Amino acid sequence: MTGTAPTLPERLLLLALDPVRGKPYCRGRFLEYGVAGAVLAELELQGRIAEERGRVVVVNPLDPPDPLLAVFLRSLPPPGKSRFGSGIPSRRWVRQSGRRAEGLYLDALVERGVLRRESRRFLGLFPFHRHPAGPASPAEQVRQRFEEARAAGFPDRGDRLLAALAAAVELPSVVKRGDRRTRAAVRSLAREEWPAQAVHRNVRQDKAAAAGGGDGGGGGGDG
């Protein structure tokens, strides 16, 4: 990886992917939502967007240095340009942007040697990819930093956002590790940090649809 620190979408992917098998530890669709939420979290950390009553509002439309973040910042309505008021519902944007966000970040990490791409076929017919760690992967450092931050109670906002997003996508190493109080504290972050809350609401929608026999693929509403 380059000398720059990995962004939240990159850190979430490195935390969520098995470095040997290249398979997500959580459900794939949930991880897509998580990467989109991590994009919003990173843009907020950099002072580009804010959240107002459940909507994502651009407060600084200048392109950030990171090219992928610039792409997604441009995908948000410019200040005051939405037909339905300022910004766009965070939950809807996460649902609509998840697959694209994960795809672009995976492509970028593969190109930089952080991940490898292995193409396979399910039942010999349907192609799919796995993304094990590549020669330039900082996955171990990302995991170590996460555990150190957890032990310290996530004092840094970026680490806290990462934990909230990991909890929102139901990453087992985050939501099932530790005693009951520790698990409850991490799960509560998914409700306290608005990008993770947008992810969590889409996850809950998909789970409810699956339980009721639906496909969970609706537009996400305005919530």
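I'll start at a loop: E170 sits between α6 and α7, the latter covering residues 172-175. This is a predicted model, and in it E170 has a phi near 65 degrees, a positive value in a residue other than glycine. Most residues other than glycine have a negative phi. As for its surroundings, E170 counts as partly exposed because its relative accessibility is 25%, and the range for that class runs between 20% and 50%.

There is another residue of this kind. R53 lies in the loop between β1 and β2. Its phi is near 50 degrees, again a positive value in a residue other than glycine. Is R53 buried or exposed? R53 is exposed, because its relative accessible area is 78% and the cut-off for exposed is over 50%.

Now let me step back to the whole chain. How many helices and strands does the chain have? There are nine helices and five strands. In sequence order the pattern reads α-α-β-β-α-β-α-β-β-α-α-α-α-α. The radius of gyration is 17 Å, close to the 17 Å that the globule rule gives for 223 residues, so the chain is as compact as a globular protein of that length. Along the principal axes, the C-alpha atoms fill a box of roughly 45 × 40 × 40 Å.

Two more values describe the chain as a whole. Of its 223 residues, 48% count as buried. If we take the contacts with a separation of 6 or more, 62% come from residues 24 or more positions apart.

Next, helix α1, which is residues 8-16. This helix is mostly covered, with nine of its nine residues buried. The list includes L8, P9 and E10 at the start, and L15 and A16 at the end. What do these buried residues pack against? They pack against α2 (28-45), α4 (90-111), α5 (139-152) and α6 (157-168).

One residue of α1 is worth a separate look, and that is R11. R11 counts as buried because its relative accessibility is 9%, and buried means under 20%. Leaving out residues up to four places away in sequence, R11 touches P6, V142, R145, G158, D159 and L162.

L14 is also among the buried residues of α1, and L14 takes us to the cavity. The structure holds one cavity of 30 Å³ or more. About 30 Å³ of space lies in the largest cavity. Which residues line this cavity? They are L14, L17, D18, P19, L115, H131, A133 and A139. By class, that lining has six nonpolar residues, one polar and one charged.

The last element is helix α9, residues 194-211. It has 18 residues and reaches 25 Å from its first C-alpha to its last, close to the 26 Å expected at 1.5 Å a residue. Its buried residues include W194, P195 and A196 at the beginning, and D206 and A209 further along. The cover over the buried residues of α9 includes α2, α4, α6 and α8 (180-192), together with the strands β1 (49-52) and β2 (55-58). So that we finish where we began, with backbone angles: just after α9, G213 takes a positive phi of about 90 degrees.

To recap the two helices: α1 has nine of its nine residues buried, and α2, α4 and α6 appear both among the elements packing against it and among those covering α9.

Methods:
Residues are numbered from 1 along each chain as its sequence is written. This is a predicted model: local features need pLDDT of at least 70, side-chain atom pairs count only at pLDDT 80 or more; totals for chains, interfaces and linings use all residues. Side-chain values use heavy atoms; hydrogens and water are left out. Buried means under 20% relative accessible area, exposed over 50%, partly exposed in between (1.4 Å probe, protein chains only). Helices (H or I, at least four residues) and strands (E, at least two) are DSSP runs, numbered from the N terminus. Contact means heavy atoms within 4.5 Å. On a 1 Å grid over the protein atoms alone, a cavity is a set of points where a 1.4 Å probe fits but cannot get out, and a pocket is an open set with protein on both sides within 12 Å along at least five of seven lines; lining residues have an atom within 4 Å of a point. Grid points are joined across faces, edges and corners, and a volume is the space filled by probe spheres set on the points. Ala, Val, Leu, Ile, Met, Phe, Trp, Tyr, Cys and Pro count as nonpolar, Asp, Glu, Lys and Arg as charged, and the others, Gly among them, as polar. The expected span of a helix is 1.5 Å times one less than its number of residues. The radius of gyration is taken over C-alpha atoms; the globule rule is 2.2 Å times the number of residues to the power 0.38.
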